[in-house]
Amino acid sequence: CYKNMKLKTILIIGLAAMTCATSVSARARKKKPTMAEVPQNPYKPVDGKTFSYAFGVMQGEGLRNYLIQREGVDSLYISEAVKGLNAEYSEEEVKKYLAFAAGLRIAEMNRKSLPSFNQNATGKADTTYLDLPAFQTALSQVLLKEPTALTPDSAQKVVEQQANYQQENYRLNNIEWLKRNAKAEGVKVLPDGLQYRVLTQGTGVVATDTTEVEVEYEGKLIDGTVFDSSYKRGKPATFRPDQVIQGWKEALTMMPEGSKWELFIPAELGYSTRAMRNIPANSTLIFTVEIKKVKQPEAKEAEKK
């Protein structure tokens, strides 16, 4: 037993010696790099101040464009933005100046919106109906939570009263305009109130409710405001009479191909009490309409072939 243990110990020591020898031999074979073989960085570092200045030069033109295009800074006053850029203010001072700048922007927006305010309140953009100082006094009092001469509910009633007056006045003006127009030379009036004047009488076929019609047209309000025009788009429109307002539907199924008429459509045959984009509610619609082509079923089949 002792001999076997001694033999086993000898074998373990011998195996360890061989492993160590192999490891040493492997390390000996791995060639150590010399200093000449270590790669060198070909670039030199830049000092922070020089880098910072260069970075600013790179970003400067983009900042200028941002100030002009996104912040609305007039190019003549870029120097004022530069003053702010280089000023040293406390956090509280920055908040104060940003709030002041926001107030200036809103004041400018109010001034530019005056024509729109007046248009909505009176129907005329070029009036002095809306008193800007009174409007901004009320805004200021509400913002500062100060007492106001009107409660929010009573203020809303005042605004609604003027809106109702203006809408009814607009409706009555349109009705009166149609009464006068009905007496104009060449104007014909149908039983439902549709008025029209023939400028050119075509000799072609007449569309049915479901026939596609190719038309050129221009639409305007009684004050001359143009709200739609295929002429301006440079392309005729194609649709069926049953796809358009009643006044158009009626006229399109009366006009032979090649015709050009003026249509005077009462609100009831147009959009009635609905406002549509730039068309106010209760608007009389005045259209010049040319029937370029009435697409007959057999003609459509021929086009497909």
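Let me start with a term. A nonpolar patch joins nonpolar side chains, such as Val, Met and Phe, within 5 Å of each other, taken from residues with over 30% relative accessible area and no salt bridge. Keep that in mind for a moment. One caution before we go on: this is a predicted model.

Now the patch itself. Which residues make it? V46, F51, F55 and M58 do, and together they give a nonpolar surface patch of about 460 Å². One of them, F51, sits in helix α2, which covers residues 48-69.

Stay with α2. What span should its 22 residues have? At 1.5 Å a residue, the expected figure is 32 Å. The C-alpha atoms at the two ends are 31 Å apart, so expectation and model agree. There is a bend in α2, though. The angle is about 40°, and the bend falls at Q59.

Let me step back to the whole chain. The protein chain has nine helices and seven strands. It has 305 residues, and 21% of them count as buried. Its accessible surface comes to about 22800 Å². Carbon and sulfur atoms account for 58% of that surface. What about contacts along the sequence? Take those with a separation of 6 or more: 63% of them join residues 24 or more positions apart.

Next, charges. Side chains of opposite charge can pair when their charged atoms come close. How many salt bridges does the model have? The count is 11. I will go through three of them.

The first on my list is E91 with K95. Their side chains meet in a salt bridge, at 3.9 Å from N to O. The cut-off is 4 Å, so this pair is counted. Where do the two residues sit? Both are in helix α4, residues 91-122. They are four residues apart there, which means about one helical turn separates them. Are they buried or exposed? E91 is exposed, at 59% relative accessibility. K95 is partly exposed, at 47%. This pair also has company: E91, E92 and K95 are linked in a network of salt bridges.

The next pair is R233 and D228. Their side chains form a salt bridge at 2.7 Å, N to O. R233 is partly exposed, with 48% relative accessibility. D228 is partly exposed too, with a relative accessible area of 25%.

The last pair is K292 and E290. Here the N to O distance of the salt bridge is 3.4 Å. K292 is partly exposed, at 43% relative accessibility. What about E290? Its relative accessible area is 16%. Buried means under 20%, so E290 counts as buried. This bridge therefore joins a partly exposed lysine to a buried glutamate.

One more residue: T208. Where is it? T208 lies in the loop between β2, residues 195-200, and β3, residues 212-220. It is partly exposed, at 43% relative accessibility. Which residues does T208 touch, leaving aside neighbours within four places in sequence? The contacts are P241 and T253. E250 is worth a look as well. T208 and E250 are 42 residues apart along the chain. Their C-alpha atoms are separated by 9.9 Å.

To recap, for your viewer. Find the patch of V46, F51, F55 and M58. Follow α2 to the bend at Q59. Then look at the network of E91, E92 and K95. Finish at T208, in the loop between β2 and β3.

Conventions. Residues are numbered from 1 along each chain as its sequence is written. This is a predicted model: local features need pLDDT of at least 70, side-chain atom pairs count only at pLDDT 80 or more; totals for chains, interfaces and linings use all residues. Side-chain values use heavy atoms; hydrogens and water are left out. Buried means under 20% relative accessible area, exposed over 50%, partly exposed in between (1.4 Å probe, protein chains only). Contact means heavy atoms within 4.5 Å. Accessible areas come from the Shrake-Rupley method with a 1.4 Å probe; for residues, only the protein chains shown count as cover. Patches are made of residues with over 30% relative accessible area and no salt bridge: like charges are joined within 9 Å, nonpolar side chains (Val, Leu, Ile, Met, Phe, Trp, Tyr) within 5 Å. The expected span of a helix is 1.5 Å times one less than its number of residues. The bend at a residue is the angle between axes fitted to the seven residues ending there and the seven starting there.
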